[in-house]
Amino acid sequence: MLELLQNLLRWLTSGSQWSGPDGIATRLLEHLQYSLLATLVAAAIALPVGLLIGHTGRGAFLAINLSGFGRALPTVGLVTLVFLASGLSMWPVYVSLVALAVPVIVTNTYAGMAAVDPEVRDAARGQGMRWYQVLFQVELPLALPLIMTGLRLACVQVVATATIAAYVSFGGLGRYVFDGLAQRDLVQVLGGAVLVAVLAIALDLALAGVQRLLFRNRPPRAHAH
Amino acid sequence: MTIDWGWFPDHRSDLVTLTLDHLSTAVPAVLFGLLIALPLAVIAHRVRRLRGLLLGISNILFTIPSIAIFVLLLPVTGLTRTTAITGLTIYTLVVLLRNTVEGLDSVPTKVREASTAMGARPLRTLLTVELPLAFPVIMAGVRVATVMAISLVSVASYIGYGGLGQLFTDGFQRNYPTPVVAGVLLSLLLALAADAVLVTIQWLCTPWLRRRA
């Protein structure tokens, strides 16, 4: 056990391991690229949908069931299916990562909007605000903490799952996991896993920092998941 | 991409075997997860200082890629079903722990104090007052964990215990999409069915919530 940890430390800290086209630095950037692009695309799809469902109150049933469906969909199966359909391209990676993130963001956005006090909403309307003013100036700011929770959760899951890019012969930190598996090199697998976990936690903390900056002037409130 | 629908009836018995195999990995994982999460949640609920630590650890475990967890367990438990179940148990923990703590938090202090005032010991209060009241929130966690576990079992196909996930590997290697479609559909159906069973169990166990609805 101790020996494994020592080897891991050596693997993580050796300079040659970090440089080059298959070095940690390159793999880290690839992983970051897959994850950020997938999360951004997912957010671009999911935020309007979640806001619309929350604002109109219509389609709540859809929002709730979508999250269940997203969780139930086996990612490995989806990747394989898109791979067989599209051949060697980035599609399998992005389709499955976006499919993973969209339900999480939609349901949390909807939950945030649904938690807005109806009296506040009525008061805004009573003041003569138009629907878009109610949405962007009243509902959205109030729903933002839960929306951010959804984005953070989606981001963490996407980073952990972007490992799958290596399964369909692309890069990212998953390379170490799959290559290590093929070469029976446990240190490499462990190194890859640690790097993915660290990246996920770092991104989560960064988003938490953004969230804190956005709510500097707000009293703290409870978070729900 | 063409799907050979005739493949389905030809492989009926294989599909049944794989589905049962799938369940016998996912179900124990949720049960063990619950067995571990319940006492930890009680501790996290009672001891404020340990709460952040326990929730933090389970959150960190959640960020490790599932495939890596299975591979890393190999030297400990080998190519066995135990490896698959242990890996999945670790994943269910984060949801189960968080929901159980939230469930216990949702019990009003007055109710807890009333129970104590009636002479109930902490253990009795926990078993007969707090847990029943927290039950709906805990069950919400169990439902999420179960659906998640069922979809994640397929990742264990790399170590040979993927249940329906074996169909993904098979289709991938032969460049043949039909088994992959079958695996995805059956996995979805299984998750849906398991969720329906859990909703029914919850309904049967909480007669006091029925009249209100």
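User: I'd like to learn to read this structure. How many helices and strands are there in chain A?

Analyst: Happy to help! Keep in mind that this is a predicted model. Chain A has 10 helices and zero strands. Read from the N terminus, its elements run α-α-α-α-α-α-α-α-α-α.

User: And how many helices and strands does chain B have?

Analyst: In chain B you will find nine helices and zero strands. Its order from the N terminus is α-α-α-α-α-α-α-α-α.

User: What does each chain span along its principal axes?

Analyst: The C-alpha atoms of chain A fill a box of roughly 65 × 40 × 30 Å. For chain B, the C-alpha trace spans about 65 × 45 × 25 Å.

User: Next, burial. What share of the residues counts as buried in each chain?

Analyst: A residue is called buried when its relative accessible area is under 20%. In chain A, 50% of the 225 residues count as buried. In chain B, buried residues make up 47% of the 213 residues.

User: What about the surface: how much is accessible, and how much of that belongs to carbon and sulfur atoms?

Analyst: Chain A exposes about 10900 Å², with 66% supplied by carbon and sulfur atoms. The accessible surface of chain B comes to about 10500 Å², and carbon and sulfur atoms hold 69% of that area.

User: How many charged side chains are there, positive and negative, and how far apart are the centres of the two sets?

Analyst: Chain A carries 14 positive and 10 negative side chains, and the centres of these sets lie 7 Å apart. Chain B carries 16 positive and 10 negative side chains, with the two centres 17 Å apart.

User: How should I read contacts along the sequence? What share joins residues at least 24 apart?

Analyst: Take the contacts in chain B between residues at least 6 apart in sequence: 75% of them join residues at least 24 apart. In chain A, among contacts with a separation of 6 or more, residues 24 or more positions apart account for 74%.

User: Could we look at one residue? Where is B:Ser66 placed, and is it buried or exposed?

Analyst: B:Ser66 belongs to helix H4 of chain B, which covers residues 66–77. Its relative accessible area is 17%, so B:Ser66 is buried. Leaving out residues up to four places away in sequence, B:Ser66 touches B:Tyr91, B:Leu152 and B:Val155. For a sense of distance, B:Thr17 is 49 residues from B:Ser66 in sequence, and 24 Å away in space, C-alpha to C-alpha.

User: Now empty space. How many cavities of 30 Å³ or more are there, and what lines the largest?

Analyst: Here is the general idea: rolling a probe the size of a water molecule over the atoms shows where empty space is left. In this model the count is one cavity of 30 Å³ or more. The largest cavity holds about 50 Å³ of space. Its lining is made of A:Gly70, A:Leu73, A:Thr75, A:Leu78, A:Ser96, A:Ala99 and A:Leu100. Helix H5 (75–86) and helix H6 (91–114) of chain A each give two or more residues to that lining. The largest share, three residues, comes from H6(A).

User: And what lines the second largest pocket?

Analyst: That pocket has a volume of about 360 Å³. It is lined by 19 residues, and B:Val30, B:Leu31, B:Leu34, B:Val142 and B:Leu198 lie nearest its centre. Helices H2 (12–46), H7 (122–152) and H9 (177–205) of chain B each supply at least two lining residues. H7(B) gives the most, with eight residues.

Definitions and conventions. Residues numbered from 1 in each chain as written. Chains lettered and ligands numbered in written order. Predicted model: local features only at pLDDT ≥ 70, side-chain atom pairs only at ≥ 80, totals over all residues. Heavy atoms only, no water. Helix = DSSP H or I, 4+ residues; strand = E, 2+ residues; numbered from the N terminus. Buried < 20%, exposed > 50% of the residue type's maximum accessible area, 1.4 Å probe, protein only. Contact = heavy atoms within 4.5 Å. Areas by Shrake-Rupley, 256 points an atom, 1.4 Å probe, with all protein chains shown as cover. Lys, Arg positive; Asp, Glu negative; His and termini not counted. Charge placed at Lys NZ, Arg CZ, Asp CG, Glu CD. 1 Å grid on protein atoms, 1.4 Å probe; cavity = no way out; pocket = protein on both sides within 12 Å on 5 of 7 lines; lining within 4 Å. Points joined across faces, edges and corners; volume = space filled by probe spheres on them.
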